[in-house]
Amino acid sequence: MKEFDFIKNYLFTQPTDSDVLLGIGDDAAIIRPRPGWDLCFSSDMLLKDRHFFGDVCPEDLAHKVLAVNISDMAAMGATPRWVLLSAGLPQLDKNWLTAFCDSMFALAKQFGITLIGGDTTKGDLVFNVTIIGELPSGKALRRDAARIGDDIWVSGRIGLAAAALNHHWRKIQLPDETFALCEKIRLRPTPRVELGKALLSFAHAAQDISDGLAQDMGHILKASGVGAEIHADSVPTLPELRKLLDPSLLYDYIFAGGDDYELLFTAPQACRHAVIEAGNACGTTVTRIGKINDSGRLNILDSNGNTITLTTLGFDHFG
């Protein structure tokens, strides 16, 4: 199979989205923005042996390649609409490509996303997705909007992906059932798009947790010029991990492990009921874990009120 056969047979689809004036097949796609809506753009690159294992099945890989980008839209409160996929592939294997594309398009269909372009080349499994979303003008959830007195919330459970990864690295040994639960989260994260949209009317700042809770919280604090206090034992995780792991190790997975792709956000105390209602409406658990203050730094406390010192703050591509 040649490159353009792959594009024609696997990627080319006629857009059913009326806002796409021109999709795959020309030098560029053309989108007509809707009046009263802002466009959000984000791009993520995933490389073999850096972001995923080389023997990952194509269905799981396709899901994650797209899901981590959808998560960026969720963090802004945006609706994901269009993606461009660029891929470096060692060969054009029909069975592998069929499984990959079927999984990718299934997730795209779930979120109403249209593939409008990209690029392919021969390479050692590297993927880059550019995603475009939209939201009502001026309503985006941004990192620079946290306010002193805000509650700090997270969706879902934190630290599971890091636990699965460390099991792969043989740094810990999880029971089979616990590993399966953690591995499912690592391979197939759930973008919290509906929750992000539900938070638009009252939440202040938001970020998706990709590089570690502590590091990503730090991005909000720096952008907003505030500080925060987080209670470590309030952060939701898998109960089995609390039983199996030493607390210091679990804290590292929760605060610095990353790959969670849950939402971290702040909201006024007066909106606690609204936050819980938003989570319930979306079928997503939300948990209050701390408060924004004027300290200018992040302070993580254990159950006795003592400050926890982490060995690392989170993932760094060049660390």
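## Two parallel neighbours: E4 and E5

Strands E4 and E5 run parallel and are joined by eight bridges. Helices (H or I, at least four residues) and strands (E, at least two) are DSSP runs, numbered from the N terminus, and two strands pair if DSSP finds at least two bridges between them. One of the partnerships here puts Trp82 with Thr114 in E5. To get from E4 to E5, the chain passes through helix H3, and this β-α-β crossover is right-handed. Right-handed means that, with the strands pointing away from the viewer, the path from the first strand over the helix to the second runs clockwise.

A quick word on what you're looking at: this is a predicted model, where local features need pLDDT of at least 70, side-chain atom pairs count only at pLDDT 80 or more, and totals for chains, interfaces and linings use all residues. Residues are numbered from 1 along each chain as its sequence is written, and side-chain values use heavy atoms, leaving out hydrogens and water.

## The rest of that sheet

Now zoom out. E4 and E5 belong to an open sheet of four strands, in the order E3-E6-E4-E5 with mixed pairing. Strand E3 (37-47) and strand E5 (114-122) sit at the edges with a single partner strand each, so one side of each has no neighbour in the sheet. From one strand to the next, the twist averages 15 degrees. As a bit of background, strands of a sheet pair through backbone hydrogen bonds, either parallel or antiparallel.

On its other side, E4 meets E6 through nine bridges, and these two run antiparallel. There, Thr79 stands opposite Glu134 in E6. Strand E6 (residues 126-136) also pairs with E3, again in the antiparallel sense, over 11 bridges, and Cys40 faces Gly133 of E6.

## Helices lying on the sheet

Two helices pack on this sheet. Helix H2 (residues 58-76) touches E3, strand E4 (79-89) and E6, with contact meaning heavy atoms within 4.5 Å. The direction of H2 makes about 145 degrees with that of E3; axes are lines fitted to C-alpha atoms, for helices over the stretch in contact, and angles run from 0 to 180 degrees between N-to-C directions. Helix H3 (residues 94-110) touches E4, E5 and E6, and its direction makes about 165 degrees with that of E4.

How many of the 11 residues of E4 are buried? Eight of them are, so E4 is largely enclosed by the rest of the structure. Buried means under 20% relative accessible area, exposed means over 50%, and partly exposed is in between (1.4 Å probe, protein chains only).

## Loops with odd angles

Asp49 is in the loop between E3 and H2. This residue has a positive phi of about 70 degrees although it is not a glycine, and it counts as exposed at 60% relative accessibility.

Arg170 has a positive phi too, near 65 degrees, and is also something other than glycine. Look for Arg170 in the loop between helix H4 (160-168) and helix H5 (176-187), where it is exposed with a relative accessible area of 77%. Gln173 is in the loop between H4 and H5 as well, and is exposed at 65%. From Gln173 to Ala163 is 10 residues in sequence and 9.3 Å in space, C-alpha to C-alpha.

## Helix H7 and strand E11

Helix H7 (residues 213-224) has 12 residues and reaches 16 Å from its first C-alpha to its last, close to the 16 Å expected. That expected span is 1.5 Å times one less than the number of residues. Buried residues in H7 include Leu213, Met217 and Leu221. Right after H7 comes Gly225, with a positive phi near 70 degrees.

Further pairing involves strand E11 (residues 286-293). Strand E7 (residues 151-155) pairs with E11 in the antiparallel sense over five bridges, with Ile152 opposite Gly290. Strand E9 (residues 227-231) is joined to E11 by four bridges, also antiparallel, and Ala228 has Ile292 as its bridge partner.

## Cysteines without a bond

How many disulfides does a search of the whole structure find? Zero, with a disulfide being a pair of cysteine sulfur atoms within 2.5 Å. For Cys57, the nearest cysteine sulfur is that of Cys101, 14 Å away. Cys57 is partly exposed, at 30% relative accessible area. For Cys282, the nearest is the sulfur of Cys271, 15 Å away, and Cys282 is partly exposed at 25%.
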